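User: I would like to go through this model one question at a time. Please keep the answers short and end each on the value or name I ask for.

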Amino acid sequence: MKKAFYLTTAIDYANGSPHLGHAYEKILADVIARCKRLTNNKTYFLTGLDEHGQKVQQAAEKEGISPQQRCDGIALEFQNLLTQLNISNNDYIRTTQQRHKSVVSKLLQDLFDRGEIYKAEYKGFYSTRAEQFLQEKDKIDGEWPKIYGEVTEISESNYFFRLGKYQDWLIEHLNKNDDFIIPHFRKNQVLEFLKEPLNDLCISRPKNRLSWGIPLPFDENFVTYVWFDALVNYVSACGYGEEKFDEYWPADLHIIGKDILAPPHAVYWPIMLHASNLKLPKQILAHGWWMTSGEKMSKSSGDTVNPLDLIKKRGVDPFRYFVMREMTVGQDADFSVERFESRYKTDLGNDLGNLVSRLFHMIEVYEGGVVPEVELNEEFEQNIRSNFEKTKSEVLKCFDLFQFNQGLNQIFVFIRSINKYADERTPWKLAKSDDPKDRLLLKTCLGVMCESLRLAIQMLAPILPEVHSRVNQLMGLPPCESWETDLCWDFRLAGQKLEKKIILFPRD
Ligand code: MSP
């Protein structure tokens, strides 16, 4: 059985409504999944919801409903967002599902049986907001940073996972596998984190303090720490313990935000897997943050952007285009409505929308709606073809390296060059001429423009799936399924009757 390219996103916390940050990550993963499918990979794309923990329990209590009821409502909201964003995930895992809970129990029991988990008395500081134990070294200038909220001193029995003994192994793994974490500069941050001695991880919470969690299989007075529970989703969704597991695991790519790289994904998770004798994921991609007013957009900052508002105004593809074009993967980006509107009007409206509408209009008026044969091969035409070949190889390289903003930039440079080619060939003037050479030039110009547009649209398919299927439909083409077969300059549209032009990106 051929192994699938298995990619995952973070599973969102069920403690608030989705915002631009959540939407971005899902779109990024979706674009990568679509690129993989177009390059003939069997792909399995997972996303989901992280439902346990104190914050969820408290929010439910406040609303006077059960935590499960609250999670069910939030799951609907997040799933609706996925639909609105046109996300092509193959699975959606919720950590309250039985398939997940039983894998968490199985892994915990196994680690406990092999002495990797032990019980001990814990005395120290605890942050309810971060749901995490703290140490003196977490203080900044003698104070607990604001992100921890109220910090209290507690003393209680808990279960600990032997993280510390794997510290040297993890450092060696990071040093030997340069591409394990990308962008590469993030690996150094993880190594920096690992310069301090690694404490064992407290993986339990007493039930009398927190009941909303997966009970420890070996002690029912405790539930599992939410991070230990959540990370396991990556193996529980693809059938850990079942035969099909090897078709998926190890994951090829975990896509997460930079805030949850170290320690959860780059320290706890690799060690949890290694201690459980499971293979490590091949790569972790840590993306940056969407910022508003200089701060990370988040529920607690209060200054969030609801993606559904932007989609309602401009449609899903302009939103997908904006987030992929504006953000350099791995770095932060500022959100502004002006930038969004400017991308919509300039790149999408003036460059792409205008090309589609002028080309379809000219073919309708000059050629009765049928794409003409291309019979001439002059310098202008050769230039545009070699331009395409160069663009294609650069775009595919950029996409492969997750440099989507650069790849998109190249595609739009190419789209502008098609418009420029038309401005130079002036088909509207050629159409008025009786000279047979001009008639031939006109047909050539329109045929070359059609071929160039067709190819640009196939390259845009992962980012603009709706535009891609609409334009392909107008051209009488099925949706692109493979770049290998569809990204070839072969004038396959010659003789094709086109449908009437449409306005892809209407102005207000
Ligand atoms: N539940 C955990 C993840 C568990 S994964 C086993 C969590 N949830 S979250 O809802 O807080 O965040 C989900 C994802 O959205 C994270 O990867 C996070 O980095 C990302 N984003 C949340 N706000 C963001 C921005 N403002 N910008 C970009 N992405 C950010 O963490």
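User: What polar contact distance joins the side chains of Lys 282 and Asp 252?
Analyst: This is a predicted model, in which local features need pLDDT of at least 70, side-chain atom pairs count only at pLDDT 80 or more, and totals for chains, interfaces and linings use all residues. Residues are numbered from 1 along each chain as its sequence is written, and side-chain values use heavy atoms, with hydrogens and water left out. A polar contact is a pair of N or O atoms within 3.5 Å; within protein, one must be able to donate a hydrogen and the other to accept it, and residues adjacent in sequence count only if both atoms are side-chain atoms. The side chains of Lys 282 and Asp 252 are joined by such a contact, at 3.1 Å.

User: Is Lys 282 buried, partly exposed or exposed?
Analyst: Lys 282 sits in the loop between α10 (261-275) and β14 (284-287). Helices (H or I, at least four residues) and strands (E, at least two) are DSSP runs, numbered from the N terminus. Buried means under 20% relative accessible area, exposed over 50%, partly exposed in between (1.4 Å probe, protein chains only). Lys 282 has 46% relative accessibility, so it counts as partly exposed.

User: Which residues does Lys 282 touch, not counting residues up to four places away in sequence?
Analyst: Contact means heavy atoms within 4.5 Å. On that count, Lys 282 touches Lys 3, Asp 179, Phe 180, Pro 250, Ala 251 and Asp 252.

User: How far apart in space are Lys 282 and Asn 41, C-alpha to C-alpha?
Analyst: In sequence, Lys 282 and Asn 41 are 241 residues apart. In space, C-alpha to C-alpha, the separation of Lys 282 and Asn 41 is 16 Å.

User: Which residues are closest to the ligand?
Analyst: A residue is near a molecule if one of its heavy atoms lies within 4 Å of it. The ligand is surrounded by 25 residues. The closest are Ile 11, Glu 25, Asp 50, Asp 259 and Met 297.

User: What distance separates an oxygen atom of the ligand from an N or O atom in the side chain of Asp 259?
Analyst: Backbone atoms also approach the ligand. A backbone N or O atom of Tyr 13 lies 3.0 Å from a ligand oxygen, and a polar backbone atom of Trp 290 is 2.8 Å from a ligand nitrogen. For the side chain of Asp 259, the distance to a ligand oxygen is 2.6 Å.

User: How much of the accessible area of the ligand does the protein cover?
Analyst: Accessible areas come from the Shrake-Rupley method with a 1.4 Å probe; for residues, only the protein chains shown count as cover. On its own, the ligand has 660 Å² of accessible area. The protein covers 96%.

User: Which elements give two or more residues to the shell around the ligand?
Analyst: Both helices and strands contribute. The elements are β2 (12-13), α1 (20-38), α7 (226-231), α8 (233-236) and β13 (253-257).

User: Which helix gives the most to the largest nonpolar core?
Analyst: A nonpolar core is a set of buried Ala, Val, Leu, Ile, Met, Phe, Trp, Tyr and Cys residues joined through side-chain atoms within 4.5 Å. The largest has 104 residues, and Trp 290, Phe 319, Met 324, Leu 352, Phe 404 and Leu 453 touch the most other members. With 13 residues (within 436-460), the helix that gives the most is α17.

User: How many residues of helix α12 are buried?
Analyst: Helix α12 covers residues 316-326. Among its buried residues are Phe 319, Arg 320 and Met 324. Phe 319 has contacts outside its sequence neighbourhood of four places, including Leu 20, Ala 23, Ile 27 and Phe 340. The helix is largely enclosed by the rest of the structure, because the buried count is 11 of the 11.

User: Which residue has its backbone oxygen 2.8 Å from a polar side-chain atom of Arg 34?
Analyst: Arg 34 is in helix α1. Arg 34 counts as buried because its relative accessibility is 17%. Beyond four places in sequence, its contacts include Ser 88, Arg 320 and Pro 465. The backbone oxygen at 2.8 Å belongs to Asn 86.

User: What is the relative accessible area of Thr 391?
Analyst: Thr 391 lies in helix α14 (residues 379-400). Leaving out residues up to four places away, Thr 391 touches Gln 410, Ile 411, Phe 414 and Met 459. Thr 391 is buried, at 5%.
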